[in-house]
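Student: I have a new model open and don't know where to start. Can we walk through it together?

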Amino acid sequence: MTTASPDRSFLRAALGHPAFVIGLVLSALFIALALVSFVWTPFDPTKLSIANKLKTPTFEHWFGTDHFGRDMFSMIMVGARVSIAVAFVAVGIGMLIGVPLGLYAAARRGSLVDEIIMRGNDLAFAFPSLLLAIMITAVFGPGAVNAIIAIGIFNVPVFARLARGAALSLWTRDFVLAARVAGKTKARISAEHILPNIANLLIVQGTIQFSLAILAEAALAYVGLGAQPPLPSWGRMLADAQTLISLAPHMALFPGFAIIITVLGLNLMGDGLRDLFDPKLRRGR
Amino acid sequence: MTAYLLRRLLSLSLSLVAASLVIFLVMEVVPGDPASFMMGINADPQAVAALRTQLGLDEPLPVRYLGWVAGLLQGDFGISYTYRVPVSELIAERVMISLPLTLYALALSTLIAFPAGILAASRRNSAADLSVMGATQLGVAIPNFWFAMILVLVFAINLRWFSAGGFPGWDAGFFQAIKALTLPAIALALPQASILARVMRSSLIDTLNEDFMRTARAKGLSRGQALRRHALRNALIPVLTIIGLQFSFLLAGGIIIENVFYLPGLGRLAFQAITQRDLIVVRSVVILLVFAVIVVTFLVDLAYAAADPRLRRRRT
């Protein structure tokens, strides 16, 4: 159905949107670092070298070394992999469960199921997410998988609410009515007509949730409940840095910058996509 | 208004019941028997069984739930496994730090966000607007515990204006206590202020485009007068919602910041209790925070309805 020309105009608009471009470049930078870390890092990020400990940045060690003499740049590269993977899967879980729930609630608007799903959502929003994530990981054991589950759970209501809200307004539209007249079931209409029309919204929200998940993963790792050693993670690097902050501030600065730049990049990209997907805003620009 | 109030009260009670059920059941599925945990690995099975009976763990599930709720209603949260004192005492002590910290952070966040958001909205697309929006983008991207560490590095270690952590207690004097809470409050307030400034800006921009604003200007009010008398008041509704939500975020969000600054608040209590599997304490803190959120949301809703009669009819 899509022809080449709208895509090209979208691409042109995207490249002309400064926030989107900056966001894309910043996020791509860290995704690239994460991917490169699979095949190459300047040093082995787990190799201890006490003789080289707490070095400030040099030509050899770009971001300096930590209290065990490990190369900070290599650790940040591998840490990017952990953060991005955890956040990506967590948001994916939230979408995979939340979107169908939201679509179902919208299709059965006003029914008991709708009511239960929405009240359940309200309840989930009332829970202090970070506290519960800490509880889940502490009880079921710290580690990347439990961090994913803990963060993923809190993405479910976000996507359920978004999908329901967007779908509700579409159910009143003529093309949906036409599909119903044609005899399509509610499930089929949701999948074939509603979902493609709310995909843009979901992508924008997904980008924002991705950045929030990276922050949440860093917080969990900071309190020792994220990916476990020897796998480096940005949050735990910061926890290590805390006690040494007056001696070796670089240990705190670089992982912090890595988190900030990644999150900033994703947020700018999300905001940019929101503008680009909104034809009204695109024309007004 | 009375019918509205009753309806909202009913839904409030239902939410509270549902929340308590969820928390109770989650704690039930948590692996690990509190009694054997308390007695240690090498405990005599008979002693563990005796303790289970003493703790009431042998009772059927509904009985234990009702017993717990009945206790809650009387302010009895149970006895902590690790501290061996009533949880209500522990919580009362810790709230005296977490609540002031939350209010302090909320005040800071509002003090920063309001002027910034108003400035950005009233000079839309100006350099001031762009700087405010840029700063808020940065503000939401900075992890608050990292910001806290940098604050400690700059203001405690280098400048020596504040201490790096700990809390002297309210007995040490109001000023000393507030001083100890200042860096944590700033660290907590930063991301909240950024979010609030953005909400303020967009809400104000929406209001500025309304017809009544054009009327106000046509009546001869200056931009500033129209903004102060008509736009601000109307723009505040979404802003207040966010402030209400932030209160609870901050109360719970302290969990990390209190750990950074070694503040003996609710968050630190919860964190220690989680690592020590002191589930009674965990359950109590969680339910307290969830109740706080639900009640604050209820109060915010009520405040709207009092201010705007249209909302009374529209809400379900």
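Tutor: We'll take the chain contact, then some helices, then a few loop residues. This is a predicted model, where local features need pLDDT of at least 70, side-chain atom pairs count only at pLDDT 80 or more, and totals for chains, interfaces and linings use all residues. Residues are numbered from 1 along each chain as its sequence is written, while chains are lettered from A and ligands numbered from 1 in the order in which they are written.

Student: How many residues does each chain bring to the contact?

Tutor: Chain A gives 28 residues and chain B gives 33. Two residues are in contact if their C-beta atoms, placed from the backbone, lie within 7 Å.

Student: Which element gives the largest share on the side of chain A?

Tutor: That is α11(A), with eight residues. Helices here are DSSP runs (H or I, at least four residues), numbered from the N terminus.

Student: And what classes are the residues on that side of chain A?

Tutor: They split into 24 nonpolar, four polar and no charged. Ala, Val, Leu, Ile, Met, Phe, Trp, Tyr, Cys and Pro count as nonpolar, Asp, Glu, Lys and Arg as charged, and the others, Gly among them, as polar.

Student: New topic. How do α6(B) and α8(B) pack?

Tutor: Helix α6 (residues 127-141) and helix α8 (residues 174-208) of chain B pack at about 140 degrees, with axes 8 Å apart. The axes are lines fitted to C-alpha atoms over the stretch in contact, and angles run from 0 to 180 degrees between N-to-C directions. α6(B) and α8(B) are therefore oblique to each other: under 35 degrees is roughly parallel, over 145 roughly antiparallel, 65 to 115 roughly perpendicular, and the rest oblique.

Student: Which residues touch?

Tutor: Among them are B:V132 and B:T136 of α6(B), and B:L190 and B:P191 of α8(B).

Student: Is α3(A) buried or exposed?

Tutor: Of its 36 residues, 27 are buried, so α3(A) is largely enclosed by the rest of the structure. Buried takes 20 or more other C-beta atoms within 10 Å of the residue's own, exposed 12 or fewer, and partly exposed is in between; C-beta atoms are placed from the backbone.

Student: What about the loops? Where does B:N125 sit?

Tutor: B:N125 is in the loop between α5 (87-122) and α6 of chain B. Its phi is positive, about 65 degrees, although B:N125 is not a glycine. B:N125 counts as exposed, with 9 C-beta neighbours inside 10 Å.

Student: Which peptide bond is cis?

Tutor: The one from A:P229 to A:P230, with omega near 5 degrees. A:P230 lies in the loop between α9 and α10 of chain A.

Key:
Helices (H or I, at least four residues) and strands (E, at least two) are DSSP runs, numbered from the N terminus.
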